[in-house]
Amino acid sequence: IYQKKRRINYRLLLLLASGVSQNRAAKILRCNRKTIKRKFDFLAETAKKKNRAYLQRTYRDDPVREVQFDDLITIEHTKLKPLSVTVLVDRKTRTILGTRIATIGAFGHLSKISLKKYGKRVNNHQEKMHELFKETRAFIHPFAVVESDEHNWYPKIMRTHLPCATHIRYPGGRSCIAGQGELKKLKYDPLFCINHTLAMFRANINRLFRRTWNTTKKILQLQKHLDIYSYAFNIGLISNH
């Protein structure tokens, strides 16, 4: 890509990983929205490659021994088209090992409305989870301790990709207002690391805000934003709070 304004790349990376939308970033950096769009794609591709290299350097000789993972629910333009974002983290350092987005069917009182308006929605949650663990398996110790909630599909995923690992499942707690509903009303939350990471995703990726008009229209664009945030977080460009 022809980088005529490469001087704004670093600032744009920080803005995109700090809850700022592309349109607002264009105003802050005083450039055209088309420029921001092109740089968003460029930064996403670069962040994905650099993050992969960072993880390989970090965990090549010392794989992760404690892992937590969970799903974050968001939407594709409308609540009638929900998405599930699976996130895998190193429990000790909170490094984000990988993310994957899956389409799921609407649930609750919206399920009938969604079915009537959009038809039966493809549910590829298991498929995307298999992809995520296949991609990150090289970073995880074969005998690692993996923690999650009690989702019915998780044991099957573990048996397939990490058969020698110890899988510990905890019952999910009630959500609290703090952390945009991702943190739990528990005196001690054994899954605090992953829950806090998901809360950080919601706080710093404008597409994931609760009660927002910056909804994701294309799944690929959300994945690009996740790659940008993961890279900025992992190399320490943004803090844990």
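**Cysteines, a helix pair and two cores**

Let's start with the cysteines: this structure holds zero disulfides. Please keep in mind that the model is predicted. Two cysteines are worth finding on your screen. Cysteine 31 has a relative accessibility of 13%, and cysteine 193 has one of 9%. Buried means under 20%, so cysteine 31 counts as buried, and so does cysteine 193.

Next, turn to a pair of helices. Two packed helices are described by the angle between their axes and the distance between the axes. Here the pair is α7, residues 192-204, and α8, residues 219-234. Their axes come within 11 Å and cross at roughly 115°, and the crossing of α7 past α8 is right-handed. On the α7 side, the residues that meet α8 are Met200, Phe201 and Asn204; on the α8 side, their partners are Leu226, Tyr229, Ser230 and Phe233. By type, this contact is made of five nonpolar residues, two polar ones and no charged ones.

Some of these names come back when you look at the largest nonpolar core, which has 22 residues. The members that touch the most others are Val87, Phe201, Leu226 and Tyr229. At least two residues of this core come from each of β2 (78-90), β3 (96-103), α7 and α8. Leucine 226 makes a good place to zoom in: leaving aside residues up to four places away in sequence, leucine 226 touches Val85, Thr99, Ile101, Phe201, Ile205 and Leu208.

Finally, there is a second, separate core of 20 residues. To locate this one, look for Leu55, Phe139, Ile140 and Ala165, which are among its members.

Notes:
Residues are numbered from 1 along each chain as its sequence is written. This is a predicted model: local features need pLDDT of at least 70, side-chain atom pairs count only at pLDDT 80 or more; totals for chains, interfaces and linings use all residues. Side-chain values use heavy atoms; hydrogens and water are left out. A disulfide is a pair of cysteine sulfur atoms within 2.5 Å. Buried means under 20% relative accessible area, exposed over 50%, partly exposed in between (1.4 Å probe, protein chains only). Axes are lines fitted to C-alpha atoms, for helices over the stretch in contact, and angles run from 0 to 180 degrees between N-to-C directions. Helices (H or I, at least four residues) and strands (E, at least two) are DSSP runs, numbered from the N terminus. A crossing is left-handed if the near helix is turned anticlockwise from the far one by less than a right angle, and right-handed if clockwise. Contact means heavy atoms within 4.5 Å. Ala, Val, Leu, Ile, Met, Phe, Trp, Tyr, Cys and Pro count as nonpolar, Asp, Glu, Lys and Arg as charged, and the others, Gly among them, as polar. A nonpolar core is a set of buried Ala, Val, Leu, Ile, Met, Phe, Trp, Tyr and Cys residues joined through side-chain atoms within 4.5 Å.
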